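Me: Please take me through this model and justify the descriptive words as you use them. I should like each term set against its cut-off.

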Amino acid sequence: MDALLEMKGITKRFGGLTAVDQVDLIVKKGEILGLIGPNGAGKTTFFNILTGIYRPDQGNIQFNGTDITGFKPYQIANQGIFRTFQNIRLLKDYSVLDNIKLGLFRQTKAGAWSSIFGLRRSREEEKKVAEESWALLERLGLTDLANEAAGNLSYGNQRRVEIARALVSHPEMILLDEPAAGMNSEEVESLSALVRQIRQQGTTVILIEHNVGMVVELCDRLVVLDHGVKIADGDPNQVVANPAVIEAYIGGQEVTEVVGD
Ligand SMILES: Nc1ncnc2c1ncn2[C@@H]1O[C@H](COP(=O)(O)OP(=O)(O)OP(=O)(O)O)[C@@H](O)[C@H]1O
């Protein structure tokens, strides 16, 4: 597999705190990579750097052969990198279908709001958006919920809709920030199946997760951050047995997350 993403020496400071410290990371095309670590380890900051929300203080990011260091979030999206957030960010009063259409705004001239409110868009654009969104609903088994207000869905289905919104643009890479948070074991199973399906369709996946059991089962590789530093990178089973990783979790009194489900 070829390297799709190559990050070198990535560092981000907030005042005196180094949230991400000289992190190197290579992600191969088609990989499912898990990014884990105790609370405050720098995982979300790392995603925020990769999606252009923060500019790194040091380091370089190459994606698909392009230097994207310092790109703005919309430029990163144009490169094919999409994400979900730790806190679900759906328009809860709008239908599932409209929420998914929102994910296609970058591909339409008319823009996000008009794609929802029906303003100034061409018929061809409207048709394309509707077809793509509907196809995705079918793929994710959400067609029965298409016209339901997103806020009425179960937690697990809201997360699926969020992922669908990120997927509708056929991303090269999708970043999932704690997708299993608050899910029951059945929802976690179904999420893992969805992530495998996403990879099968050609999208590379990085996920931040506290559910260590899930990432060991699902991911090809695990990377562990602790206090902003990468302390492990490799085979999931070996990584979670690594004494430095166990110590990082025990130090933060999160041992149950290591030995739990
Ligand atoms: N905008 C910010 N300003 C100042 N400090 C920040 C900012 N964002 C994050 N931090 C700090 O940087 C460190 C890393 O935070 P981050 O949210 O990236 O960790 P995390 O691994 O995602 O944690 P969690 O698992 O709890 O979500 C923490 O000490 C946090 O308080």
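Reply: The exchange below takes the terms in turn and sets values against definitions. This is a predicted model, in which local features need pLDDT of at least 70 and side-chain atom pairs count only at pLDDT 80 or more, while totals for chains, interfaces and linings use all residues. Residues are numbered from 1 along each chain as its sequence is written.

Me: How many helices and strands has the chain, and what makes a run of residues one of these elements?

Reply: The chain has 11 helices and 10 strands. Helices (H or I, at least four residues) and strands (E, at least two) are DSSP runs, numbered from the N terminus.

Me: What makes E3 and E8 paired strands, and in which sense do they run?

Reply: Two strands pair if DSSP finds at least two bridges between them. Strand E3 (residues 32-36) and strand E8 (residues 204-208) are joined by 4 bridges and run parallel, so the pairing criterion is met. One bridge partnership is that of Ile 32 with Val 205 in E8.

Me: Why are E6 and E10 called edge strands?

Reply: The open sheet has 6 strands in the order E6-E7-E8-E3-E9-E10, and its pairing is mixed. Strand E6 (81-83) and strand E10 (229-234) each have a single partner strand, so one side of each lacks a neighbour in the sheet. On average, neighbouring strands of this sheet are turned by 20 degrees against each other, direction ignored.

Me: How do you know that E1 and E2 are paired, and what lies between them?

Reply: Strand E1 (residues 3-14) and E2 share 8 bridges in the antiparallel sense, which satisfies the pairing criterion because at least two are required. Phe 14 has Leu 17 in E2 as its bridge partner. The two strands form a hairpin with 2 residues between them, and Gly 15 in the turn has a positive phi of about 60 degrees.

Me: Why are H6 and H7 called roughly parallel?

Reply: Helix H6 (residues 155-167) packs against helix H7 (residues 185-200) at an angle of about 10 degrees, with the axes 10 Å apart. Axes are lines fitted to C-alpha atoms, for helices over the stretch in contact, and angles run from 0 to 180 degrees between N-to-C directions. Angles under 35 degrees count as roughly parallel, over 145 as roughly antiparallel, 65 to 115 as roughly perpendicular and the rest as oblique. H6 and H7 are therefore roughly parallel to each other.

Me: Which residues make the contact between H6 and H7, and what counts as a contact?

Reply: Two residues are in contact if their C-beta atoms, placed from the backbone, lie within 7 Å. Gly 156, Arg 159, Arg 160, Ile 163 and Leu 167 in H6 meet Glu 187, Ser 190, Leu 191, Leu 194 and Ile 198 in H7. By class, this contact has 5 nonpolar, 2 polar and 3 charged residues. Ala, Val, Leu, Ile, Met, Phe, Trp, Tyr, Cys and Pro count as nonpolar, Asp, Glu, Lys and Arg as charged, and the others, Gly among them, as polar.

Me: What makes H1 mostly covered?

Reply: A residue is buried if 20 or more other C-beta atoms lie within 10 Å of its own, exposed if 12 or fewer, and partly exposed in between, with C-beta atoms placed from the backbone. In H1, 7 of the 8 residues are buried, including Phe 46, Phe 47 and Ile 49. Helix H1 (residues 43-50) lies across E3, E6, E7, E8 and E9.

Me: Which element gives the most to the shell around the ligand?

Reply: H1 gives the most, with 3 residues. A residue is near a molecule if its C-beta atom, placed from the backbone, lies within 6 Å of it. The residues around the ligand include Phe 14, Leu 17, Lys 43, Thr 44 and Thr 45. The shell divides into 4 nonpolar, 6 polar and 1 charged.

Me: Is Asn 147 buried or exposed, and how do you know?

Reply: Asn 147 has 10 C-beta neighbours inside 10 Å and therefore counts as exposed. Asn 147 lies in the loop between helix H5 (123-139) and H6. Leaving aside neighbours within four places in sequence, Asn 147 is in contact with Ser 95 and Leu 97.

Me: Why is Glu 178 called partly exposed?

Reply: Glu 178 has 19 C-beta neighbours inside 10 Å, and so counts as partly exposed. Glu 178 has a positive phi of about 50 degrees, although it is not a glycine.
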